[in-house]
Amino acid sequence: CETVGVSRNEQFISNQLLEYHIRQECDEQCPRGMVVLEPLKITITNYDQEAGFELITVPNHPKYPERGTHEVPFSRSLYIE
């Protein structure tokens, strides 16, 4: 109601405004995940082959560090969207 306001006249409110507020609400409550739906394999040519892979620690939610962390493998071969 704060964003839209209250009026006696008929109003049109865009779907984008509804989607914005849904995203704001979900941002605080929903857990985050990472996925690549249509993977494209890339190779980093100047990355040491003998290094194998390393685990990089990333937060579960960027705004809420108290929600913990998880590790993501990083190697010469990566998959991107």
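These legends describe close-up views of a predicted model.

**View 1. Two cysteines, C26 and C30, without a disulfide between them.**
A disulfide is a covalent bond between the sulfur atoms of two cysteines. A search of the whole structure finds 0 of them. The sulfur of C26 has its closest cysteine sulfur in C30, at 3.9 Å. That is too far for a bond, because a disulfide needs the sulfur atoms within 2.5 Å. Seen from C30, the closest cysteine sulfur is that of C26. C26 is partly exposed, at 35% relative accessible area. C30 is partly exposed too, at 33%.

**View 2. The aromatic pair of Y47 and F74.**
The whole structure holds 1 aromatic pair. Its ring centres, in Y47 and F74, are 5.5 Å apart. The ring planes stand at 80°, so the pair is edge-to-face. Y47 sits in the loop between strand 1 (40-43) and strand 2 (53-59). F74 belongs to strand 3 (residues 69-75). The two parts are 27 residues apart in sequence, and the pair ties them together. Y47 is buried, with a relative accessible area of 14%. F74 is partly exposed, with 26%.

**View 3. S75 and its surroundings.**
S75 is placed in strand 3. A polar atom of the S75 side chain lies 3.0 Å from the backbone oxygen of S77. Which residues does S75 contact, leaving aside its neighbours within four places in sequence? They are I44, Y47, G52 and F53. Y47 thus appears in this view as well as in the aromatic pair with F74. S75 and Y47 are 28 residues apart along the chain. Their C-alpha atoms are separated by 7.9 Å.

**View 4. The largest pocket and its lining.**
Rolling a probe the size of a water molecule over the atoms shows where empty space is left. The largest pocket has about 280 Å³ of space. M34, V35 and V36 are among the residues that line the pocket. I56 and V58 also belong to the lining. So do V72, P73, F74 and S75. The list ends with S77, L78 and Y79. Strand 2, strand 3 and strand 4 (77-80) each supply at least two lining residues. Which strand gives the most to the lining? Strand 3 does, with 4 residues. Two lining residues return from the earlier views: F74 and S75. F74 is the partner of Y47 in the aromatic pair. S75 has the side chain with a polar atom 3.0 Å from the backbone oxygen of S77, and S77 itself also lines the pocket.

**View 5. H61, a buried histidine in a loop.**
H61 lies in the loop between strand 2 and strand 3. Is H61 buried or exposed? H61 is buried, with a relative accessible area of 1%. The H61 side chain makes a polar contact with the side chain of R32, at 3.4 Å. Leaving aside neighbours within four places in sequence, H61 is in contact with D27, C30, R32 and R67. C30 is one of the two cysteines in View 1. Compare the accessibility: C30 is partly exposed at 33%, whereas H61 is buried.

**View 6. Two loop residues, A51 and G33.**
A51 is in the loop between strand 1 and strand 2. Y47 of the aromatic pair lies in the loop between those strands too. A51 counts as partly exposed, at 41% relative accessibility. Its C-alpha atom is separated from that of N9 by 67 Å. A51 and N9 are 42 residues apart along the chain. G33 is found in the loop between helix 1 (15-29) and strand 1. At 71% relative accessibility, G33 counts as exposed. G33 and V6 are 27 residues apart in sequence. Their C-alpha atoms are 37 Å apart in space.

Technical notes
Residues are numbered from 1 along each chain as its sequence is written. This is a predicted model: local features need pLDDT of at least 70, side-chain atom pairs count only at pLDDT 80 or more; totals for chains, interfaces and linings use all residues. Side-chain values use heavy atoms; hydrogens and water are left out. Buried means under 20% relative accessible area, exposed over 50%, partly exposed in between (1.4 Å probe, protein chains only). Rings of Phe, Tyr and Trp (its six-membered ring) pair if their centres lie within 6.5 Å; planes under 30 degrees apart count as stacked, over 60 as edge-to-face and the rest as tilted. A polar contact is a pair of N or O atoms within 3.5 Å; within protein, one must be able to donate a hydrogen and the other to accept it, and residues adjacent in sequence count only if both atoms are side-chain atoms. Contact means heavy atoms within 4.5 Å. On a 1 Å grid over the protein atoms alone, a cavity is a set of points where a 1.4 Å probe fits but cannot get out, and a pocket is an open set with protein on both sides within 12 Å along at least five of seven lines; lining residues have an atom within 4 Å of a point. Grid points are joined across faces, edges and corners, and a volume is the space filled by probe spheres set on the points.
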